[in-house]
Amino acid sequence: MRKCYSLLISAFLLSVLVVAPTTIFAAAPATSFNVYMNGKQLEDVLLLQGRTLVPLTAFDDPTRLSYTYDANSKTVNITNKVNKVSIQLSGGAQEAIMNGKKVKLDAQVTFKGGRTFVPLRFLSENLGGSVSYDKEGKKVVVRTPTEQERFKTLMSGDLTEARKIAIRLPLIYGKDALQPQGEGFSIQYTFPKGETLRYYQQYKGLVNYVEINADGLAEVKWQGDEPQSGIEHREKGNKPADLGEAVYFVDSVMSDYTYYGTIDKLGKSTELGQFGRLEENNKGKVIVPIDEEKRIDASKD
């Protein structure tokens, strides 16, 4: 079952919510499941009455959801502007008001350590988006409504648009991940020809090999140093096989330029073009279409 939720939280309203007096309910330590919101692992997760609660601040989907706080009633108001669903949640209550009707919650709205925690299942079932539970992998993967649309593009959509999403995903590192030792202000992304769901990222002399799994999580599978004078080479993880024919995109941060090109089977690079990102049509652009390249790793689901 895949569903989800999200909301825009204004800094002012959040500060009001934090200082508002309310009862603090006892909750168990963090759940044994890892919870990922829009690709990023949430550190603060509670298990209360056998249910998973997540911080209200984890929700951010301004195009779909809005958030307000009523100081007099100490009530959180969430509105899905697309589905026309309105939800009211009060601290300590085990029921919500949804479109004017009372609905029982599977756990209390909880205030702990100055933060507001809300039941994951209730919001995910009533505000859209996606949530999936992986008992074997001990993880819960949640996407807000807008992020769910991006996920569909990432897994099966246009190659260029999918790559734009891929490089913006939060990277998930293993224990004791390597840190860059070099210098530089350029980031290079190298994709196998026609693919989106695996790539190399090179920054400050450190290379990360990233694979995006079926849940849309970007996992760093291998790290290694580029040859650098005076620096001992390091590696971590299982080094992948050669990518074969590939395409590359260089984000030159300091000069605000993007360079792109191809790499043949022998590793020879050919630059195809470059452009300045200060121009109105190029602002923020790093990934561009490569002539005659077609996607070959799209999901068929």
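Partly exposed describes a residue whose relative accessible area lies between 20% and 50%; buried means under 20% and exposed means over 50%. With those cut-offs in hand, the charged pairs below are easy to place. The model is predicted.

**A four-stranded sheet**

One open sheet has four strands, in the order β2-β1-β13-β12. Its pairing is mixed. Two strands stand at the edges: β2, residues 40–41, and β12, residues 130–134. Each has a single partner strand, so one side of each lacks a neighbour in the sheet.

How do β12 and β13 run? The two are antiparallel. Five bridges join them, and β13 covers residues 139–143. One bridge partnership can be named: D134 pairs with K139, which lies in β13.

**Salt bridges**

Side chains of opposite charge can pair when their charged atoms come close. The model holds 13 salt bridges by the distance rule used here. Three of the pairs, including their N to O distances, are set out below.

| Pair | N to O distance | Relative accessibility |
|---|---|---|
| E95 and K102 | 3.9 Å | E95 36%, K102 64% |
| K152 and E149 | 3.6 Å | K152 44%, E149 38% |
| D225 and R234 | 2.7 Å | D225 5%, R234 21% |

Take E95 and K102. Their side chains meet in a salt bridge. E95 is partly exposed at 36%, while K102 counts as exposed at 64%.

Where do K152 and E149 sit? Both belong to helix α3, which spans residues 145–156. They are three residues apart, so about one helical turn separates them. Their side chains form a salt bridge of 3.6 Å, N to O. K152 is partly exposed, with a relative accessible area of 44%. E149 is partly exposed as well, at 38%, because that value falls between the 20% and 50% cut-offs.

Is D225 buried or exposed? D225 is buried, at 5% relative accessibility. Its salt-bridge partner, R234, has its closest N or O atom 2.7 Å away. R234 counts as partly exposed, at 21%; the cut-off for buried is under 20%.

Salt bridges can also share partners. D251, D256 and R277 are joined in this way into one network.

Terms used:
Residues are numbered from 1 along each chain as its sequence is written. This is a predicted model: local features need pLDDT of at least 70, side-chain atom pairs count only at pLDDT 80 or more; totals for chains, interfaces and linings use all residues. Side-chain values use heavy atoms; hydrogens and water are left out. Two strands pair if DSSP finds at least two bridges between them. A salt bridge is a side-chain nitrogen of Lys or Arg within 4 Å of a carboxyl oxygen of Asp or Glu. Buried means under 20% relative accessible area, exposed over 50%, partly exposed in between (1.4 Å probe, protein chains only).
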